[in-house]
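Student: Please take a close look at one part of this model. I would like a single connected account of it, with the cut-offs spelled out.

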Amino acid sequence: MKKNILFYLILFCSFALSEVKIGYVDSQQIITQFEGFRLVQIELEKEQKRLEADYVTLANQLDSLFQVYEKQKLLMSEDRRLEKENELTQKQRELQEFEMKNFGPQNSELVKLQNQLLKPVLKLFSDACDTIGKKRQFDYILDAGTGAILYTVEANNLTEEVLEEMNKMASVSE
């Protein structure tokens, strides 16, 4: 009996004295100080400037065509005027398509390039968090800015247990 009490006392003390080790990372500081992020930003700015210059060129072409049309429309035949109006409409559509393709909010060329350039840097960041987490035996590493979990010990994953409990609770309530 004394051995059982001693065993439970030691077991309880070990659980009570064990602690969860949590670390944090300031991702904003990493973004501003890590050279890889800076290089990605420089590359994105170059591409954005190039695309903006292309856009301005297309817009200037459209504007020039429109000015020529406005000056000459009274002298044009009906067929020629309609042809020029169709040409202007087509150029305007091309300009809008260029803008959506390259600067649109989702899946634009700029966003795709950003994702492509950031992918290896973000993998490096994730790998570094995993390495430090394992080496220093953290249970969790959090991002101080977003609160996102960057690293966790798989033993702390309760997903399957919660899912099982939810299924039990759902079947009881039916």
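Tutor: Arginine 38 and glutamate 35 both belong to helix H3 and sit three residues apart, about one turn of the helix. A helix here is a DSSP run of H or I with at least four residues, numbered from the N terminus. The model is predicted, so local features need pLDDT of at least 70 and side-chain atom pairs count only at pLDDT 80 or more, while totals for chains, interfaces and linings use all residues. Residues are numbered from 1 along each chain as its sequence is written, and side-chain values use heavy atoms, with hydrogens and water left out.

Arginine 38 and glutamate 35 form a salt bridge, with their closest N and O atoms 2.6 Å apart. The term means a side-chain nitrogen of Lys or Arg within 4 Å of a carboxyl oxygen of Asp or Glu. Side chains of opposite charge can pair when their charged atoms come close. By this rule the model has eleven salt bridges.

Helix H3 (35–72) also contributes to a cavity: H3 and helix H4 (78–103) each supply at least two residues to the lining of the largest one. A cavity is a set of points on a 1 Å grid over the protein atoms alone where a 1.4 Å probe fits but cannot get out; lining residues have an atom within 4 Å of a point. Grid points are joined across faces, edges and corners, and the volume is the space filled by probe spheres set on the points. One cavity of 30 Å³ or more is counted, and the largest holds about 40 Å³ of space. Its lining consists of Leu65, Val68, Tyr69, Lys84, Glu87 and Leu88. By class, that lining has four nonpolar, two charged and no polar residues; Ala, Val, Leu, Ile, Met, Phe, Trp, Tyr, Cys and Pro count as nonpolar, Asp, Glu, Lys and Arg as charged, and the others, Gly among them, as polar.

Technical notes:
On a 1 Å grid over the protein atoms alone, a cavity is a set of points where a 1.4 Å probe fits but cannot get out, and a pocket is an open set with protein on both sides within 12 Å along at least five of seven lines; lining residues have an atom within 4 Å of a point.
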